[in-house]
Amino acid sequence: MTIDYNAKMPETQEGTEVYNTDPLIVKSHYEIDYIHSYAQDSEFFRALGKKKLMGSKCEECGYVYATPRGHCMICGAETKWHELPNEGKIHTFTTCYFGSEKFLPETPFNLIMVEFEGVDSLFMARLIGASLEDIKIGMKVKAKFKRNLTYSPTDVYFVPAKE
Amino acid sequence: MKNGGRDVYMVSGGVTKFTKSNPGMDFRLRTKHAFDYALKDIDISVKDIDGSVASYFSDHFQRQLMSGIMAQDYLALTPKPSKRVEGGGATGGLAFQTGVEEVASGRMDVCAVYGFETMSHVNTWKGNEFIALASDTNFDYPVGGFYTGYYAMMAVRHMHEFGTTLEQLAKVSVKNHGNALHNPYSQSPMKITVEDVRNSQMVSYPLTRLDVCTMSDGAAVAILASEEKAFEMCDHPVKISGIGTGTDTMRLSDRPFLKVPLLPNEKESDYKNLQYPGVHSFRAGRSAALEAYKNAGITDPLEELDLIELHDAYTSSEIQTYEDLGLCKYGEGGAFIDEGKSNLNGKVAVNPSGGLLASGHPVGATGIMQSVFMFWQLQHSIKKHFKDDTLQVKNAKKGLIHSHAGTGTYVTVSIMEAVQ
Ligand SMILES: [Zn+2]
């Protein structure tokens, strides 16, 4: 016999955090770890450990990308890895005083887009060693690499370079 | 419509008041309110609707997947056909155009396009994180993913390229917040000055809090119909005379440096030394305008359009968009606001509703909201719906609505015309 007319759920002391009762507003927690594969972009992240900035080149149409991509956005051909120069120029910039929750503790921080000689597209990165008043479009910057890798694009960052 | 298929008309619309947080209603109830308003306005019932398109951006904001079907059943539209359309900030514009296609194709005679977003379930900075996940998570998001930062870099380059000034950006904020004073549906009506905008907290240089739209809870509904049904249901239907959609690369860093795709009112010599779009302009906005103008037969947008509701998530975007839409040449967007051409009583009223900056930006509802405000303008029924006719654009006959996703990845342009 499996029927139990006195069946009872066990009580817990879990409770719920309540912000408001009318309307009823409660806390709902959510947290997750992703198993994020860099897939065809993997080489870029590995190369940062060797202090190399890898873009890509389309041998079909000759387009050179500062931010790597497996296939060319112009002609669709598969690209080859292509090492970028260590120095470039600021194409544009901003200083963020607020940000996404994840990056709020790091504010204020500078974002720049870097242009490289002989490269057709740009690369987005952090710039340190200069504050908003110092940053100018066209300013020379140099890539620096973290010694302890996090396998994030922030393993490379830029600092002002001497003219 | 030259886009192909049958002619399509908008016959009714409804919008909820956009607010920072409205926990008393969920997305279904908000959408229901906007939907019922639209049905009641032309005295039709849910039985008259053949199917729908659901417009909402993020599954993260509510941690509720399949919100679309929940709205569909709440509106008593099941088991009729429906689908969700999503494309970041342009979700509303894309969904509106999908509704147009449903009717143009002959699949539906009457299609309801409903849009909603509930952004208040997370704090503003977590919300910004969710929005930033709509950028490349290998290369862009981890560097400091923040959309205001991306747009700020575009604005800085626009300033460098064309001499656009901080004051010109601020004037957009002053105009749009000011217009919203007469829009009872708007979230942030404000009488402010250029100094107020510049003195407001810096978010990402050069954009201050008053240069940036806010998080919002809201819903909006547009009802579209075939010609036969439109004139049966509605005394003043508004024709959708052309639609256009453009796209560009997800990563700002991939934007090429090419030549400007020219509108009929431009010449190659106008842009001898301009590398386009780079990161100063939205190529998708230009592509969308080109397609829409071709289909609606527009050759001189500034002369032919009476008003525009465009995607001003940032003041800089409005200036950049004047140029993409060919209201002025590339580089003249700053002067365009200086000269008051986009004022309520200017050459072409831009964002008479207050735009996203002041009306609010509950993402999935935004593009639909623009269509509703445009519909009321072209019907000359602003007074009826706003209980105030200050914002009614005199002689409004032809209008343009413009919806835009992250740094200009998807952009839609739809042309709407009064027919009687
Ligand atoms: Zn190629």
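Donors are N, O and S atoms within 2.8 Å of the metal. In this predicted model, the zinc ion has four cysteine SG atoms as its protein donors. The points below cover the zinc site, the aromatic pairs and the charges over rings.

**Zinc site**
- The zinc ion is held at 2.3 Å by the SG atoms of A:C58, A:C61, A:C72 and A:C75.
- The arrangement is tetrahedral because the angles between the four donor atoms run from 98 to 122 degrees, and the cut-off asks for all angles between 85 and 135 degrees.
- Along the sequence, the donor residues follow the spacing C-x2-C-x10-C-x2-C.
- A:C58 is in the loop between β3 (54-57) and β4 (64-65) of chain A, and A:C72 is in the loop between β4 and β5 (80-83), so the pair ties together parts 14 residues apart in sequence.
- A:C58 and A:C72 are both buried.

**Aromatic pairs**
- Over all chains, the structure has 30 aromatic pairs.
- B:Y185 and B:F386 form a tilted pair, because their ring centres are 5.9 Å apart and their planes meet at 55 degrees.
- B:Y185 lies in the loop between α7 (166-179) and α8 (194-199) of chain B, and B:F386 lies in helix α16, 201 residues apart.
- B:Y185 is buried at 12% relative accessible area, and B:F386 is buried at 4%.
- B:Y276 and B:Y330 have ring centres 5.0 Å apart and planes at 65 degrees, so this pair is edge-to-face.
- Both B:Y276 and B:Y330 are buried.
- One aromatic cluster includes A:Y38, A:F158 and B:F139.

**Charges over rings**
- A:R69 lies over the face of A:Y65, 5.8 Å from the ring centre.
- The charged end of A:R126 is over the ring of A:F109, 3.9 Å from its centre.

Methods. Residues are numbered from 1 along each chain as its sequence is written. Chains are lettered from A and ligands numbered from 1 in the order in which they are written. This is a predicted model: local features need pLDDT of at least 70, side-chain atom pairs count only at pLDDT 80 or more; totals for chains, interfaces and linings use all residues. Side-chain values use heavy atoms; hydrogens and water are left out. Donors are N, O and S atoms within 2.8 Å of the metal (3.2 Å for Na, K and Ca); water is not among the atoms, so sites may look incomplete. Four donors count as tetrahedral if all angles lie between 85 and 135 degrees; four count as square planar and six as octahedral if opposite donors are over 155 degrees apart and all others between 65 and 115; anything else is irregular. Helices (H or I, at least four residues) and strands (E, at least two) are DSSP runs, numbered from the N terminus. Buried means under 20% relative accessible area, exposed over 50%, partly exposed in between (1.4 Å probe, protein chains only). Rings of Phe, Tyr and Trp (its six-membered ring) pair if their centres lie within 6.5 Å; planes under 30 degrees apart count as stacked, over 60 as edge-to-face and the rest as tilted. A charge sits over a ring if NZ of Lys or CZ of Arg is within 6 Å of the ring centre and within 35 degrees of the ring normal.
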